[in-house]
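Work through the exercises below with the sequence and the 3D structure in view. Try each task before reading its solution.

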Amino acid sequence: MRAVIFMFVLALGIGVHMPQAQAQTSTSGANVITTAVPFLTITPDSRAGGMGDAGVATSPDVNSQHWDPAKYAFVQGNSGIGLSYTPWLRNLVDGINLGYLAGYFHVDNTQTLSASLRYFDLGDVSVTDENGDYQGLANPNEWAIDFAYTRLLSEHFSGSVALRYIRSDLSGGQMVAGVETSAGNAVAADVAFYYRNEMHNNRLLSVFSAGIDISNIGTKISYTDGTTKDFIPTNLRLGVGYEKEADNENTFSFNLDLNKLLVPTPRKDLSTDEDGIYIGNDFSQDKSVVEGIFSSFSDASFKEEMQEIAIAVGGEYWYNKQFSLRTGYFYENKNKGNRKFFTVGLGARLKTIGLDFSYMIPTERDHPLSNTIRISVLFDLDRFTQGKQ
């Protein structure tokens with residue numbers, strides 16, 4: 001069973017929270033916030049993946065469900081569907097994949113319904129007991145399904161609410177350290193808003209946009225009998241964007257996202273081991289979900305709170321609204337996970353179908369996220385059903 005836990009930690013490479021597994025606070029200042037089901041925070045689509053994981057204020061598309069479902073109020077076309085695939089940590093191990101399916105439908109000029117399904121497959125893992133005896137293969141996996149309702153509130157402003165069900169099966173019901181485990185289940189909600197103001201000058205379009213998305217506001221999750229419960233990754237995402245047509249064929253856009261987990265900063269007692277690592281209890285897990293959200297802004301020093309904000313910047317160029325080039329950069333403080341990487345991406349749009357591709361370039365050699373690629377396929381269902389090619 002230890003193999004299952006090891007593979008799950010390896011599969012994310014960014015700090016994973018299993019039952020009773022807490023982040024370590026060291027004298028070096030590192031104090032990584034960890035949660036259960038962190039697969040919910042992995043960028044699922046290639047467009048945002050090519051722009052440094054910036055997406056809350058970008059122009060709306062079929063994959064807006066993850067970033068800010070309120071953007072669907074401004075998306076072109078009455079309906080669409082997208083499918084994305086990411087081989088995860090392919091530089092370290094094969095068989096770990098993230099699949100993402102999203103779609104939307106305009107009910108009328110002011111209301112939109114949308115949904116998405118996310119599936120995280122950790123591959124086949126050999127299971128052994130505490131004596132090292134082979135017990136067979138397990139297939140740990142996690143998935144989440146959500147539905148959103150979006151409404152246009154004014155000419156430039158929209159709001160959305162999403163509901164989500166989350167299931168995480170990491171152990172297959174095996175015994176871990178003498179404790180019977182089970183799949184974890186949780187429910188959550190998102191609240192999002194989006195502002196978009198289109199302006200024309202000499203018949204050329206310029207757009208200012210802004211978005212806010214608070215995601216995964218939900219119950220804690222347990223993998224045991226419920227006595228140990230872990231926070232899910234409630235997250236605040238803020239962003240702004242600017243898009244400008246240089247002429248009738250060339251369009252540029254720039255985006256900035258700020259991200260902060262709305263869960264408690266790990267706080268342990270003052271007991272340390274010989275290496276100076278805190279080994280006492282983590283009192284932050286005793287908080288309720290609501291208390292955890294509000295205290296997440298003030299349960300550490302101002303300096304540490306600022307370190308908990310991750311920054312994503314991205315740029316996009318479109319030629320004739322058909323072919324695009326993308327690039328971006330993601331920054332996370334070294335004390336809060338130390339993810340730092342550049343991204344590049346390509347995109348193409350035909351009348352009924354779109355294709356996106358992105359590639360991640362970490363700033364450190366041999367990083368677990370090296371060689372991460374994402375592939376997305378998008379369908380304009382209106383044109384497709386009308387038989388337009």
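**Exercise 1. Find the strands that line the largest pocket, then describe the pocket.**

Step 1. Strands β1 (79-87), β10 (184-201), β12, β13, β14, β17 (353-362) and β18 (373-380) each give at least two residues to the lining of the largest pocket. Helices (H or I, at least four residues) and strands (E, at least two) are DSSP runs, numbered from the N terminus. This is a predicted model, in which local features need pLDDT of at least 70 and side-chain atom pairs count only at pLDDT 80 or more, while totals for chains, interfaces and linings use all residues. Residues are numbered from 1 along each chain as its sequence is written, and side-chain values use heavy atoms, with hydrogens and water left out.

Step 2. The volume of the largest pocket is about 1,200 Å³. On a 1 Å grid over the protein atoms alone, a pocket is an open set of points with protein on both sides within 12 Å along at least five of seven lines, a cavity is a set of points where a 1.4 Å probe fits but cannot get out, and lining residues have an atom within 4 Å of a point. Grid points are joined across faces, edges and corners, and a volume is the space filled by probe spheres set on the points.

Step 3. There are 35 lining residues, and Pro-60, Gln-76, Trp-318, Lys-321 and Arg-349 are the closest to the centre of the pocket.

Step 4. Sorted by class, the lining has twelve nonpolar, eleven polar and twelve charged residues. Here Ala, Val, Leu, Ile, Met, Phe, Trp, Tyr, Cys and Pro count as nonpolar, Asp, Glu, Lys and Arg as charged, and the others, Gly among them, as polar.

**Exercise 2. Which residues line the second largest cavity closest to its centre?**

Step 1. The whole structure has four cavities of 30 Å³ or more. The second largest has a volume of about 130 Å³.

Step 2. Its lining consists of 14 residues, with Leu-40, His-66, Arg-118, Ser-215 and Asn-216 closest to the centre.

Step 3. Two or more lining residues come from each of α3 (64-67), β3 (111-121), β11 (204-218) and β12 (235-245).

Step 4. The classes in this lining are two nonpolar, seven polar and five charged residues.

**Exercise 3. Locate the nonpolar patch on the surface and name the element with the largest share.**

Step 1. The patch is formed by Met-199, Phe-208, Leu-238, Val-240, Tyr-242, Phe-252, Phe-254, Leu-256, Leu-258, Ile-311 and Val-313, which together have about 870 Å² of accessible area. Patches are made of residues with over 30% relative accessible area and no salt bridge, where like charges are joined within 9 Å and nonpolar side chains (Val, Leu, Ile, Met, Phe, Trp, Tyr) within 5 Å. Accessible areas come from the Shrake-Rupley method with a 1.4 Å probe, and for residues only the protein chains shown count as cover.

Step 2. Strands β12, β13 (250-261) and β14 (310-319) give two or more residues each. The largest share, four residues, belongs to β13.

Step 3. Take Leu-258, which lies in strand β13. Leu-258 is partly exposed, at a relative accessible area of 33%. Buried means under 20% relative accessible area, exposed over 50%, and partly exposed in between (1.4 Å probe, protein chains only).

**Exercise 4. Which parts of the chain does the salt bridge between Glu-304 and Lys-336 tie together?**

Step 1. The structure contains 16 salt bridges, each a side-chain nitrogen of Lys or Arg within 4 Å of a carboxyl oxygen of Asp or Glu.

Step 2. In the bridge between Glu-304 and Lys-336, the closest N and O atoms are 2.7 Å apart. Glu-304 is in helix α5 (residues 302-307) and Lys-336 is in the loop between β15 (323-331) and β16 (340-349), so the pair ties together parts 32 residues apart in sequence. Both residues are buried.

Step 3. Compare Glu-316 and Arg-326, whose side chains meet in a salt bridge (2.7 Å, N to O). Glu-316 lies in strand β14 and Arg-326 in strand β15, so this pair ties together parts ten residues apart in sequence. Glu-316 is buried at 4% relative accessible area, and Arg-326 is buried at 4%.

Step 4. Salt bridges with shared partners join Arg-47, Asp-61, Glu-316, Arg-326, Arg-349 and Asp-356 into one network.

**Exercise 5. Is Asn-338 buried or partly exposed?**

Step 1. Asn-338 is in the loop between β15 and β16. Its phi is near 65°, a positive value in a residue other than glycine.

Step 2. The relative accessible area of Asn-338 is 23%, so Asn-338 is partly exposed.
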